[in-house]
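These are my notebook entries on a single structure. I list what I looked up, in the order in which I looked it up.

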Amino acid sequence: MSEQIKPKVLITIFGATGDLAKRKLYPSIYRLVRNNTISRDFAVIGLARRDWSNEVFRDNVKESVEQAFGECERLDDFASHFHYQSFDVTDDTAYDRMKELVEQLETQYDTEGNRLFYLAMAPEFFGGIANSLQEYGLKETPGWTRLIIEKPFGHDLESAKELNNQIRAAFDEEQIYRIDHYLGKQMVQNIEVIRFANGIFEHLWNNRFISNIQITSSETLGVEDRSRYYDDSGAIRDMVQNHILQMVALLAMEPPISLTTDEVRSEKIKVLRALRELDLEQVHEHFVRGQYGAGVLDDEEVVGYRKESEDLVFSNTETFVAGKILIDNYRWAGVPFYIRTGKRMAQKQTRIVIEFKDIPMNLYFKSEREHHPNLLVINIQPDEGIALYLNAKKSGSEALAEPIELSYKQGAMPAINTPEAYEKLLYDCMIGDATNFTHWDEVALSWKYIDPILEVWEKEQPNFPNYESGSTGPKKSDELLSQDGNHWWEV
Ligand code: NAP
C-alpha cells in the first residue's frame with residue numbers, strides 16, 4: 001500500500017450492527033489506522049435500526065478488533081472516532097438527522113468533506129439508499145463521495161440491470177465501487193504479476209501450450225447460519241457469477257498496455273465478452289450442479305444440506321457447481337477452463353491449476369499413466385503460494401523420470417475472506433483506485449453468461465442430494481473432464 005496518500009475520510013456504514021461490519025470492516029479500519037495508512041482525521045458513522053448508544057457501538061467495535069487481532073494498542077482512542085445513529089433506511093425522515101451528524105463530524109474530525117458510504121446490508125435496500133443519499137443532499141460536499149456496494153449485485157441479469165439503473169440514477173459509475181473481496185486477495189492480484197512479469201509463462205500462455213485450466217474453490221464448511229441468504233442464492237450466484245468468473249478473466253486477459261483501472265478492466269471485459277454463450281440445450285453438457293448429503297468430515301458425521309434447518313427440507317438449491325467454460329478468441333480457442341466450487345467438500349482450498357500440453361513422445365516413463373504433464377499451481381488459500389511441477393531424472397541407473405515440485409509459499413496466511421482483503425479494498429476506494437472493484441459491464445456480462453444455466457436449472461427438478469459431505473463432489477463433475485480426456489488435479 002502506498003505510504004504517500006493518507007486519505008482523510010468519514011465512513012458511513014449502513015448495517016453497522018451486522019456480521020460483515022463486525023467481522024471484516026472494523027478490524028480492517030483498525031489496521032488502516034494503526035498502520036498509518038489513513039489519516040488520523042477519520043470518523044465512522046454506524047447506522048442500523050437497533051437502539052444502540054455510542055458506548056454500546058464502540059464496545060462492539062473494540063470487541064470485533066480484539067476478536068480479530070487479540071489485545072490491541074490505543075483501542076479506546078480508535079473507538080472514540082465511531083458514532084452510532086439508530087436509523088431505519090426505509091424511513092425518509094432519518095436522512096435529515098444523518099446529514100446533521102455527517103456535517104458535525106466532518107467539522108469535528110476535519111475530514112475535508114470526503115464521504116465513503118458502505119452498504120453492508122441486504123441488496124434490496126441498495127437502490128433506495130442511493131436515491132435518498134442523493135435526494136437529501138448527502139452527496140453535496142467539497143470532497144469526494146464514493147459508494148461501496150456488497151454482493152450480491154442482482155439475482156440475474158434483469159434484476160442486476162434494475163438495481164444498477166436505480167443506483168446510477170443517483171451516483172456516477174466512477175463513484176460506485178462494487179466489492180468482490182476475492183479481488184482484494186494478494187494471490188489473486190498475483191495472477192497478473194505471475195503472468196506478465198515472467199517470460200517463461202507469458203510466452204506459453206495460450207492454446208498452443210496450455211491444455212486446460214482448472215479453478216477450484218471448495219469449503220469444508222456447510223451452510224452454517226447463513227441458510228436464509230444462501231438458499232436464495234446457491235453456489236452459482238454466490239461464487240461463480242462473481243469470484244470465479246473474475247478469476248477466469250484475470251487468467252485469460254491480454255496484457256494491458258498499463259496498469260490503470262481502465263486498461264485492466266477493458267482487458268477483463270474483452271474476456272467476458274468472448275465467453276462462449278451456452279444455448280439452453282448445451283447447459284447439461286457444460287455445467288453440473290450438486291447438493292451435499294450426509295457424510296464424514298474430520299472424523300465427524302455431518303448432516304446433509306436439507307437437514308441443516310427446517311426451511312431447507314425441500315430445498316433444490318445447489319451447494320456445488322462444476323463447469324466447463326470456453327473462450328472464443330485467438331488465444332484460448334479450444335482450451336477448456338474447468339471451474340468447480342462447493343460446500344462440505346473434502347478440502348478447503350482455492351486453487352488454480354494450469355496444465356500444459358504434453359510433449360509428443362514419452363521417453364522416460366514406463367507407461368503413459370505415470371507420465372506427468374507440467375503444471376503451474378497457484379494456491380490462493382490456505383497456503384498462499386505457487387508450485388511448478390516438472391519431470392526430472394529418478395535417482396538410480398535406469399533412464400526414468402519422476403515428477404518434482406518446485407514450490408514457493410507466501411507464509412502462513414489466514415483464510416480468504418480475511419480483513420486484509422477488505423483493508424486493501426477500503427484503502428483503494430479511499431484513494432479512488434477502482435481497479436480491483438467490478439465495473440458494471442463486468443457484472444452484466446457475467447450475468448449474461450450465467451442466465452441460461454439458471455433458466456435450465458430452475459425448470460428442472462434435480463436429483464439431490466448427489467454428493468456426500470467430505471467428498472470431491474458429484475460423479476458427474478469428474479465426467480465433465482473425463483469426456484475430454486482430462487481429470488481434476490488434486491495436487
Ligand atoms: P446481517 O448480519 O444480516 O446485517 C444486516 C444489517 O442491516 C444489520 O446491521 C441490520 O441491523 C441492518 N438492517 C436491516 N434492516 C435495516 C433497516 N431497515 N434499516 C437500517 N438497518 C437495517 O448481514 P451481513 O452478513 O452483515 O451482510 C451484509 C451484506 O454484505 C449483504 O449484502 C451480504 O450479502 C454481504 N456479504 C456479507 C458477507 C459476510 O461474511 N457476512 C460476505 C460477503 C457479502 P438492525 O437489525 O439493527 O437494523
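Entry 1, ligand shell. How do the residues of the shell around the ligand divide into nonpolar, polar and charged? I recorded 11 nonpolar, 4 polar and 7 charged residues. I note at the outset that the model is predicted, and I read every value below as computed from it.

I then asked which residues come nearest to the ligand. The shell holds 22 residues, and T17, D19, R23, R49 and R50 are the ones that come nearest. I also looked up which element supplies the largest share of this shell. That element is helix α1, spanning residues 19–34, with 3 residues.

Entry 2, polar contacts of the ligand. I went through the contacts by ligand atom type. For oxygen, I found a ligand atom 2.7 Å from an N or O atom in the side chain of R49, a residue I had already listed among those that come nearest. An oxygen atom of the ligand also lies 2.9 Å from a backbone N or O atom of G18. For nitrogen, I noted a ligand atom 3.0 Å from a polar backbone atom of V89. I next looked up the burial of the ligand: the protein buries 82% of the 880 Å² that the ligand exposes when taken alone.

Entry 3, a helix pair. I turned to helix α10 (residues 261–274) and helix α13 (residues 440–459). Their axes are 9 Å apart, and the two helices pack at an angle of about 15 degrees. Because angles under 35 degrees count as roughly parallel, I entered α10 as roughly parallel to α13. I recorded the crossing of α10 and α13 as left-handed.

Entry 4, backbone geometry. Most residues other than glycine have a negative phi, and most peptide bonds are trans. I therefore kept a list of departures from this general pattern.

- K151 to P152: I found this peptide bond to be cis, with omega near 0 degrees. I placed P152 in the loop between β5 (145–149) and α6 (157–170).
- F464 and P465: I noted that a cis peptide bond joins these residues, with omega about -5 degrees. P465 sits in the loop between α13 and β17 (467–469); α13 is also a member of the helix pair in my third entry.
- D299: I recorded a positive phi of about 65 degrees, although this residue is not a glycine. I located D299 in the loop between β9 (292–297) and β10 (300–302).

Key:
Residues are numbered from 1 along each chain as its sequence is written. This is a predicted model: local features need pLDDT of at least 70, side-chain atom pairs count only at pLDDT 80 or more; totals for chains, interfaces and linings use all residues. Side-chain values use heavy atoms; hydrogens and water are left out. A residue is near a molecule or strand if one of its heavy atoms lies within 4 Å of it. A polar contact is a pair of N or O atoms within 3.5 Å; within protein, one must be able to donate a hydrogen and the other to accept it, and residues adjacent in sequence count only if both atoms are side-chain atoms. Accessible areas come from the Shrake-Rupley method with a 1.4 Å probe; for residues, only the protein chains shown count as cover. Helices (H or I, at least four residues) and strands (E, at least two) are DSSP runs, numbered from the N terminus. Ala, Val, Leu, Ile, Met, Phe, Trp, Tyr, Cys and Pro count as nonpolar, Asp, Glu, Lys and Arg as charged, and the others, Gly among them, as polar. Axes are lines fitted to C-alpha atoms, for helices over the stretch in contact, and angles run from 0 to 180 degrees between N-to-C directions. Angles under 35 degrees count as roughly parallel, over 145 as roughly antiparallel, 65 to 115 as roughly perpendicular and the rest as oblique. A crossing is left-handed if the near helix is turned anticlockwise from the far one by less than a right angle, and right-handed if clockwise.
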